[in-house]
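Please open the structure in your viewer and keep the selection tool at hand. The tour below moves from one selection to the next and says what is to be found at each stop.

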Amino acid sequence: MLSLSIFAAGYSYMQEYGPAIVNWGSNVKYGGTLVLAEGQGTEMPYNLNPLSPFPLQITPLIYEPLFYVNTANGAVTGLLGTKYEWTDNNLELVVTTRSGVKWSDGKSFSAADVVFTFNLLKKYPSLDSSGIWSKVSGLQSVQASGTNTVIFKFSKPNVPQFFYIAMQPIVPAHIWENVKDPATYTNPNPVGTGAFLFKSYTPSNGDEVVVKNPDYWMKGRPYIDELVIKSMLTNQSAFLELLKGNAQWGEFYAPDPQTTWIAKDPQHNQIWWPAEGANALFFNTQVYPFNNATFRKAISLAINKKDLEDKAYFGAGGYNVNPTGIIPSQQSEWLDPTLTELASSLNTYNPQEAQQMLASIGFVKNSAGQLVGPDGNALPSLKLSVVSGWTDFITIANVMSLELQKIGLNVVVDQETYNSFISSLMSGTYQMALWGLNGPAPYYIYYDEFNPTLSATKIGETARAGYTRYTNPLITAALSTYAQTTDLRLQKQAMYTIERIILEEMPFVTLTNSTGFQFFNTKEFTGFPANDNFYSASGSLEPGSYDGYIEALNIHLK
């Protein structure tokens with residue numbers, strides 16, 4: 001079961017919906033054009049298909065899911081769904097859909113639209129990017145019961161599947177039943193239930209524009225009249241739009257935000273870089289010497305995590321990184337309190353202890369400062385893979401390579417295209433790589449990384465996930481226990497089991513918190529998320545994320 005923790009003290013939320021819809025009071029001001037700058041690149045193909053893996057950024061503003069799940073803390077907010085319940089020994093998920101909702105063409109929304117959407121994904125597997133109908137999900141059927149109830153039937157209990165079902169955008173059956181090929185359909189005249197209506201897209205400059213839906217079902221929302229997304233060629237050009245005052249909201253990475261942004265107008269310029277995931281050093285545990293847990297632990301001790309945070313994120317992401325991969329907003333709920341001391345000892349920077357640990361398994365430095373293995377041969381250069389253009393990851397990789405020299409390792413940072421990088425992870429042909437961990441609860445991290453059905457047993461075989469290629473029958477059993485129950489106590493015990501194994505085996509090293517990158521100027525607008533008002537996770541409008549949509553529902557004129 002997902003955590004339902006409330007995001008902040010001092011703010012109230014709309015009881016009818018949930019903690020992502022903030023109650024700003026009766027004097028809230030309406031109107032205005034809000035401009036969001038992003039470094040997504042210009043001339044993106046015209047595509048407003050919400051089922052496509054690569055739609056335009058405005059698409060989630062037009063098409064809604066059943067529920068919004070805050071991936072930083074697991075809090076659930078109702079959108080097209082108002083209630084959900086697991087029944088029949090967790091073999092059925094029963095969702096109540098919202099009454100009184102209309103599509104933007106005036107037709108009524110009902111449970112039939114939900115059933116149609118999910119069965120469309122089944123018919124066209126290329127659209128099922130979340131694996132809702134995959135063999136491992138266990139989903140057997142989706143049926144309506146009346147106009148406001150949808151029943152998802154499973155062959156086996158799979159409680160965590162709620163997250164993917166909840167966040168699936170819903171399309172109108174009366175339009176999409178006439179679409180010949182939904183996989184290639186670009187949806188030129190989108191009809192949704194969302195708070196915004198499509199206005200225009202200009203490929204030459206990357207501007208995407210939506211306007212307020214005057215008939216939106218959520219009373220009083222949105223507050224703004226228009227939202228313009230400026231998709232700039234680079235992060236730097238997007239940042240320049242903010243600095244010029246051409247945008248009030250930015251979602252991109254920029255170095256040293258305290259100096260380059262906040263200091264230029266401390267009264268109005270704000271950042272919000274919440275920890276929404278973790279950045280980790282992945283080991284290929286099927287490759288020598290990373291097949292040795294003690295070797296992996298030694299590397300962890302030889303890396304100064306605080307230095308990585310300072311160099312890559314300038315302290316904005318915080319220093320409470322945990323080696324289990326559990327992010328700060330989830331630690332009070334999910335972290336085993338009996339593991340605090342062990343986790344702390346493994347998270348310290350101690351190259352001397354790392355050297356002693358290596359010596360205990362036969363790895364010592366020679367007179368040239370090279371690490372020599374038990375066979376008497378110096379270890380060759382080790383490759384650390386990172387995606388070219390990912391500035392923060394490249395910074396982390398370069399800092400780590402210098403630190404690991406102190407224990408005798410020569411680490412070469414290899415910047416690859418994304419396609420080449422992900423191919424090496426999936427095929428198991430990499431040695432070390434920088435990758436991210438995220439999910440609304442730790443289960444989602446551990447399921448992706450340690451489920452043997454997603455991984456592979458031989459180098460060259462394709463792994464859909466589980467890129468460390470580390471598996472453990474105790475972890476597999478714990479994942480199964482978690483998935484079969486809604487009992488939070490049992491779920492926590494399952495996670496505690498996995499956490500201890502991670503600390504003992506260290507298949508990955510958690511390096512820093514992974515943050516969202518948001519910049520705000522509050523001269524005209526307010527209602528942005530903040531550390532004390534954590535109503536969304538990142539501001540992203542990427543496929544599968546509704547953070548930016550939730551923010552667009554809350555932001556308003558001063």
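What follows is a walk through a predicted model, from its nonpolar cores to its helix contacts and then to some stops in the loops.

Begin with the largest nonpolar core, which holds 118 residues, and select Leu-61, Leu-66, Phe-118, Phe-152, Leu-227, Tyr-446 and Tyr-549, the members that touch the most others. Then add helix H1, residues 111-123, which gives the most to this core, with 7 residues. In soluble globular proteins, nonpolar side chains tend to be buried together.

Keep Tyr-446 selected and display its surroundings: leaving aside residues up to four places away in sequence, Tyr-446 touches Thr-324, Ile-326, Asn-451, Leu-479, Met-495, Ile-498, Glu-499 and Ile-502. Tyr-446 also belongs to helix H13, where Tyr-446 joins Tyr-443, Tyr-447 and Phe-450 in meeting Ile-475, Thr-476, Leu-479, Tyr-482 and Ala-483 of H14. By class, the residues of this contact of H13 with H14 divide into 8 nonpolar, 1 polar and no charged. Select the whole of H13, residues 442-450, together with H14, and you will find the two packed at an angle of about 135°, with their axes 11 Å apart; H13 and H14 are therefore oblique to each other, and their crossing is left-handed.

Now exchange H13 for helix H15, residues 488-505, while keeping H14, residues 473-484, in view; this pair packs at an angle of about 160°, with axes 8 Å apart. How are H14 and H15 oriented, roughly parallel or roughly antiparallel? The angle makes H14 roughly antiparallel to H15, and the crossing of the two is again left-handed. To see the contact itself, show Leu-474, Ile-475, Ala-478, Leu-479, Thr-481 and Tyr-482 in H14, which meet Gln-491, Ala-494, Met-495, Thr-497, Ile-498 and Ile-501 in H15. The contact of H14 with H15 comprises 9 nonpolar, 3 polar and no charged residues.

Next, select helix H12, residues 418-427, in which Phe-421, Ile-422, Ser-424, Leu-425 and Ser-427 are buried. Add strands E16 (382-387), E17 (411-416) and E18 (432-437), against which the buried residues of H12 pack. Following H12 is Gly-428, whose phi is positive, near 75°.

Move on to Met-357, in helix H10, residues 351-359. With a relative accessible area of 19%, Met-357 falls under the 20% limit and is therefore buried. Display Thr-294, Lys-297, Ala-298 and Leu-301, which Met-357 touches when residues up to four places away in sequence are not counted. Phe-295 is also worth selecting here, for Met-357 and Phe-295 are 62 residues apart in sequence and 7.6 Å apart in space, C-alpha to C-alpha.

The remaining stops are in loops. Two peptide bonds are cis: one joins Arg-221 and Pro-222, with omega about -10°, and another joins Tyr-288 and Pro-289, with omega about 5°. Look for Pro-222 between strands E9 (207-212) and E10 (226-231), and for Pro-289 between strand E13 (275-283) and helix H6 (293-301).

Finally, select Asn-89, in the loop between strands E4 (81-87) and E5 (92-97), and Asn-187, in the loop between helix H3 (173-176) and strand E8 (196-202). Phi is positive and near 55° in Asn-89, and phi of Asn-187 is likewise near 55°. Which of them is buried and which exposed? Asn-89 is exposed, with a relative accessible area of 68%, whereas Asn-187 is buried, with a relative accessible area of 1%.

Note on methods:
Residues numbered from 1 in each chain as written. Predicted model: local features only at pLDDT ≥ 70, side-chain atom pairs only at ≥ 80, totals over all residues. Heavy atoms only, no water. Core = buried A, V, L, I, M, F, W, Y, C linked by side-chain atoms within 4.5 Å. Buried < 20%, exposed > 50% of the residue type's maximum accessible area, 1.4 Å probe, protein only. Helix = DSSP H or I, 4+ residues; strand = E, 2+ residues; numbered from the N terminus. Contact = heavy atoms within 4.5 Å. Axes fitted to C-alpha atoms, helices over the stretch in contact; angles between N-to-C directions. Parallel < 35°, antiparallel > 145°, perpendicular 65-115°, else oblique. Left-handed = near helix turned anticlockwise from the far one by under 90°. Nonpolar A, V, L, I, M, F, W, Y, C, P; charged D, E, K, R; others polar.
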